[in-house]
Amino acid sequence: MHDKWGPVHKRHKIARFVVGLPLSFRVCDMNPFATIPIEERYAEFHKRYPALNLIGNTRMVEILCFKEEFPEVRVYAKAEYTNPGGSLKDRPVRRMLLEASIEGKIGKGQVVLDSSSGNAGIAYAMLGAMMNVPVQIVVPGNASKERKLRIQAHGARLVQTDPLEGYDEALREGHRIADREPGKYFHCDQYANEHNWLSHYETTAPEIIAQSEGKLTHFVAGIGTGGTVTGVGRRLKKDIAGVEVVQIVPEDFPGIEGLKPLENPGDIIPKILDQSVVDHKVRVSSAEAAR
Ligand SMILES: Cc1ncc(COP(=O)(O)O)c(C=O)c1O
């Protein structure tokens, strides 16, 4: 079947990979127990805050629901929801905060400030509470109630922007707040912070390579800040010959929380996004993704 976006079955296949785990999956059978060591640079922090060890080294699972339709294709997903904050955003936020701490940018009363669609906000709030660092998060007002409640439950301050202003308004408001009182905040700015994509370059991608034993032909992901696509894409392309990166393009509305189409003229393109690593773009509607 075709619609305005092309063959429906092809998008359907990839949508499942992005949005979440369907009920039918099993742990990857290649190298399921492969983990990567923590980076030496952060070892002291991992001793001081042992809960940091819970972030990353997530399992890779095989998605079984495509087996009948595409018997020759094997599809795997990283179970990022098993991170303590419930998403892959724990990885970049851990690295950005540890680097800020090493560089003396936090820890002396500065409030960690950033905008988020919700999941990075949870990671900031959770790790900020652990490190005894105050946190303020700007989210679009239509972020899910659960995400907002969890950010507040960790003791972080929540600022909400008008959902009608679009998903980039939270980002703009974060900059306005930081500019008004520069001394008060450490503006982490995940859209421009190099440690965002580096966290995926140094953890997510090496885990995928180890767990798949390098037998990987395609990597599929959506874009929020672009950290995942840029970091994983750069590392896979360095280490695995011929691997291709596929970017999921969600609908504007109702959309998928955290993922952006980045196709409208006024859209802010994240500074850290390296679009040169993207080989293909695939449009996925929210209805298809949820099926
Ligand atoms: C669950 C989830 N996955 C993926 C992304 C997008 O990742 P990135 O910001 O690395 O592009 C987000 C962004 O908020 C997210 O919340």
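This is a short tour of a predicted model, moving from the ligand to Lys78.

Before selecting anything, note that residues are numbered from 1 along each chain as its sequence is written. In this predicted model local features need pLDDT of at least 70, side-chain atom pairs count only at pLDDT 80 or more, totals for chains, interfaces and linings use all residues, and side-chain values use heavy atoms, with hydrogens and water left out.

Select the ligand and the 13 residues that surround it, of which Lys89, Asn119, Gly224, Thr225 and Thr228 are the closest (a residue is near a molecule if one of its heavy atoms lies within 4 Å of it). Because domain 1 (89-187) and domain 2 (193-290) both give residues to this shell, the ligand lies between them; the domain bounds come from an automatic or database domain assignment.

Next, show Asn119, where a polar side-chain atom lies 2.7 Å from an oxygen atom of the ligand, and then Gly224, where a polar backbone atom is 2.7 Å from a ligand oxygen. Of the 390 Å² of accessible area that the ligand has on its own, the protein covers 83% (Shrake-Rupley method with a 1.4 Å probe).

Now move to Lys78, which counts as buried because its relative accessibility is 15% (buried means under 20% relative accessible area, with a 1.4 Å probe and protein chains only). With its side chain displayed, look for the polar contact with the side chain of Gln211, at 3.0 Å (a pair of N or O atoms within 3.5 Å, where within protein one must be able to donate a hydrogen and the other to accept it, and residues adjacent in sequence count only if both atoms are side-chain atoms).

Methods
Buried means under 20% relative accessible area, exposed over 50%, partly exposed in between (1.4 Å probe, protein chains only).
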